[in-house]
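Below is a set of questions and answers on one protein chain. Please look over the sequence and structure first.

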Amino acid sequence: MQKPATLLVLAMALAFTASTHAELRLPSIFGENMVLQRDIPLKIWGWDNPGQSVTVTIGEQTAQGKAGEDGRWEVKLSPLQVTQKALEMNVQGSSAKTLGNILVGEVWVCSGQSNMQWAVSSSDDADLETLTAKFPNIRLISIPLVGTQEPQYDFQGQWLACSPETVRDFSAVGYFFGRTLHQALDVPIGLIDNAWGGSAAEAWVRREVLEADDAYSDYLAIWESKEANVDANMARWEKAMAAWKTKAAEAKAAGKNPPRAPRSPEQELKGQHRPGNLHNGVLLPIIGYGIRGAIWYQGENNSGRAYNYRSLFPLMISQWRELWNQGDFPFYWVQLADFMNEQPAPTASAWAELREAQTMTLSLPNTGQAVICDLGEAHDIHPKDKQNVAKRLARHALAKDYGIEIVAESPRYASHKVQGNKVIVEIDHFGAGLDTFDVRTPHGFAIAGEDQQFVWADAKIVGNNIEVSSPEITAPVAVRYAWADNPVANVQNRAGLPLTPFRTDDWEMVTNPKNSSD
């Protein structure tokens, strides 16, 4: 059974013994240049000698607390209002600390894998974007990449004001998202980046939660085997390394690039795939810091387990919300981009199934999805257009959290009915109406009969509906749209937001574990 969040927090605190703290200390998430979230009660915490009284003062507010037996103290501040003028925070315990240049505004967590971690310096127009990144009221902090089974409560890092020098290595999607909010709202923006390239969603979830659910038992068993056999695996790795060194030397002598070195089993255990590693290493140290919400770009690493992602992704979001104890805070994500080769005929696709799992997660409250099946690059899993990705995420925040009248949702499948040799698909969330990109004829639809064999279909937009048919299918049963790794599809609304990939059938998924031959 999953432990309540309060018990977890208590266990975390008890694990951090008093001997660790000889004087007043604050975690790095609280520091100079930080942005505090406006309009919500705020928790400030740290460590000091057991029993030590601690006083926190900011603006006209003063709050007091006392360090427990484990040395941890916490105070609660009443909601603060937006300020463009820098504040100081004074903390008095066994010693005193003063934090300066603090602003109050909107704070967002930027998380996921490499496409969220992808830096401004590697994105489209990197030279112009860095040159013009002169926004001192946007503040940035990056969490060091630590993968571990041991809970971490702090990290080495600091808040920085956004400048051409500080923005270069920051998350491009995070920065462009925050910049859009800053320009639209004219309030300070704080961005916390803890994304880790190649990370698996299971690594972001507390391991005990996964262990309590049989749906993840096969995946956990793989890791349990790796953990139990690390010595034997190390011996094999050492032999592989010896062979690699020989091949690398031969390649160098021949003027060729050496093959990739085998990865150490010990390093794998500290990496971004092991269940629970990122929850402990890069998420736990910031949980409790006041935020507005989170943006997320991940899924590529889980595409082969898309069927499980249907439950894993909402589980992860729900767990984050439970631990943060800030209600159902906004959580907006990026759907997988188009990638890999285009297919000449309709076919099964693990990436399409992962996109479907992401869309299904919209059943959770206060969520939103940026559809980007038009922004990818066939031969690069890291498309460089992060600006439009960020704009689509920002639309959700501006419309849902800040009350701005702007189209945020991509059109989505609502229902369908068969009429003779046609399938009439009703579309919802279409904004000002449906449209197409590039050419007038809708592309990307496939249709099938009872034999479940899909063929490309003709399509026509009629109001809020799309009529789909094919002369090859006289008795249609199902329709799919943009159902491919790299779909050629062009339906959108008039705000330019693509129609969400969908299928009307519930036929077997290729990523369903029961279909595995392993």
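The questions run from the whole chain to its sheets, cores and single residues.

This is a predicted model, in which local features need pLDDT of at least 70, side-chain atom pairs count only at pLDDT 80 or more, and totals for chains, interfaces and linings use all residues. Residues are numbered from 1 along each chain as its sequence is written, and side-chain values use heavy atoms, with hydrogens and water left out.

Q: How many helices and strands does the protein chain have?
A: Helices (H or I, at least four residues) and strands (E, at least two) are DSSP runs, numbered from the N terminus. On that basis the protein chain has 13 helices and 23 strands.

Q: What radius of gyration does the protein chain have, set against a compact globule?
A: The radius is taken over C-alpha atoms, and the globule rule is 2.2 Å times the number of residues to the power 0.38. The C-alpha trace spans about 80 × 60 × 55 Å along its principal axes. For 518 residues a compact globule would have a radius near 24 Å, and the protein chain agrees with this at 25 Å.

Q: What percentage of the residues of the protein chain count as buried?
A: Buried means under 20% relative accessible area, exposed over 50%, and partly exposed in between (1.4 Å probe, protein chains only). Of the 518 residues, the share that counts as buried is 54%.

Q: What percentage of contacts between residues at least 6 apart in sequence join residues at least 24 apart?
A: A contact means heavy atoms within 4.5 Å. Among the contacts in the protein chain that link residues at least 6 apart, the share joining residues at least 24 apart is 74%.

Q: Which side chains of strand E5 are buried?
A: In a regular strand the side chains alternate between the two faces of the sheet. Strand E5 (residues 72-77) shows this alternation, with Arg72, Glu74 and Lys76 on one face and not buried. The side chains that point to the other face and are buried are Trp73, Val75 and Leu77.

Q: Which residue of E5 stands opposite Ile44?
A: Two strands pair if DSSP finds at least two bridges between them. Strand E2 (residues 42-47) runs antiparallel to E5 and is joined to E5 by six bridges. Opposite Ile44 in E5 stands Val75.

Q: Which residue of E7 is the bridge partner of Val91?
A: Strand E6 (residues 83-92) pairs with strand E3 (residues 53-58) in the antiparallel sense over four bridges. E6 also pairs with E7, antiparallel and over six bridges, and the two form a hairpin with three residues between them. In E7, the partner of Val91 is Lys97.

Q: Which strands stand at the edges of the sheet E14-E15-E20-E19?
A: This open sheet has four strands with antiparallel pairing. Each edge strand has a single partner strand, so one side of each is left without a neighbour in the sheet; the two are E14 (412-419) and E19 (458-462).

Q: Which residue of E20 stands opposite Lys422?
A: Strand E15 (residues 422-428) and strand E20 (residues 465-469) run antiparallel and are joined by five bridges. Opposite Lys422 in E20 stands Ser469.

Q: Which helix gives the most residues to the largest nonpolar core?
A: A nonpolar core is a set of buried Ala, Val, Leu, Ile, Met, Phe, Trp, Tyr and Cys residues joined through side-chain atoms within 4.5 Å. The largest one has 73 residues, of which Ile29, Trp73, Met89, Ile192, Tyr289 and Phe331 touch the most other members. With nine residues, the helix that gives the most is H11 (residues 306-324).

Q: Is Cys110 buried or exposed?
A: Cys110 is found in strand E7 (residues 96-112). Beyond its neighbours within four places in sequence, Cys110 is in contact with residues including Met116, Leu191, Ile192 and Ile295. Its relative accessibility is 0%, so Cys110 counts as buried.

Q: What is the relative accessibility of Ser123?
A: Ser123 lies in the loop between helix H2 (114-117) and helix H3 (126-131). Leaving aside neighbours within four places in sequence, Ser123 is in contact with Trp118, Ala172, Phe176, Lys384 and Lys386. Ser123 counts as buried because its relative accessibility is 6%.
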